[in-house]
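Reader: I am new to this structure and would like a close look at one part, the sheet and what packs around it. Could you take me through it slowly?

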Amino acid sequence: MSRLREIAYRVDPVLWVREVLGVEPTAWQTEFLRAPQGSSILALTARQVGKTTTAAWAMAHTALHVPNSLSVVACPAQRQSAEAVRRVKGNLVTANAKLKSDNVYGLELENGSRVLALPGSDDSVRGLTVDGWIIADEAARLTNDLIAAVRPMRARQPKARLAMLSTAWSRTDPFWTAWDSDDAFWIRLKATADIDATHFAEGFLEQERRALGEDDFKREYLGIPAGSHASPFTWELYERATQTHKPQVSPGRAFMPAEAPPVPLTNPFRNLKTAGAVR
């Protein structure tokens, strides 16, 4: 490989993915990979559009081209994080990178770079300093405590990127709270089926709509959280309950409960015996 080509791959991860891994990134994946250093990214996606794959590309590129860097990935369960690390390894093997160590929950390259799979709780993740990527995958299912634990990992590394990727879940989870906020520091990317359905076979989405029902389909493929996961009542029920309906009949006694006849009460102080009382 020529020196200029190597520099081009280091500068442009999209070019590296395209020419080394042999994959053409989509528009949202391109924007994700080219996010400036120090960025905070939110990616709202449908199922099976490649969000974990995209995160793995980003971490593999940084591990290969930034020696001694550290990237971490957090998922609701550590086995999911381990799957993301496995994808990073696959990309590095394709790129002929030299691995120094490799296990289920992490890998290290000969250039000193590491990628770690974090557990799904905040108890044992504090104290790490990350200068590569902090990936929160399926972020809507992560706890607020875990999100609070991973954010400070880049406090001393201003070039580190934080990315939260997720399908929709509820209107109160940590991902949607950030997505729905007016915080301008977030780069918001959307890859839902109503924007790009080319990932899905013809007729698949309609089958899923019928099988899942409207609320679950919107959540899994359109990025619309279901209100029933934030409350026992859906947003549709709330809207119906808060609408004002004018009665067709004027209000009157017909709308009041039937009046029960009065029941006489016995006066307990009447006819008291006063024998022996002092007059």
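Author: Isoleucine 41 stands opposite isoleucine 187 in strand 8, and six bridges join strand 1 (residues 40-45) to strand 8, the two running parallel. Helices (H or I, at least four residues) and strands (E, at least two) are DSSP runs, numbered from the N terminus, and two strands pair if DSSP finds at least two bridges between them. The model is predicted, so local features need pLDDT of at least 70 and side-chain atom pairs count only at pLDDT 80 or more, while totals for chains, interfaces and linings use all residues. Residues are numbered from 1 along each chain as its sequence is written, and side-chain values use heavy atoms, with hydrogens and water left out.

Strands 1 and 8 belong to an open sheet of eight strands, ordered 3-4-5-2-6-7-1-8 with mixed pairing. Its edge strands, each pairing on one side only, are strand 3 (99-103) and strand 8 (186-191). From one strand to the next the twist averages 10°, where angles run from 0 to 180 degrees between N-to-C directions and axes are lines fitted to C-alpha atoms, for helices over the stretch in contact.

Helix 4 (residues 51-65) lies across strand 1, strand 2 (70-74), strand 4 (106-109), strand 5 (114-118), strand 6 (133-137) and strand 7 (161-166), contact meaning heavy atoms within 4.5 Å. Relative to strand 6, helix 4 runs at about 165°.
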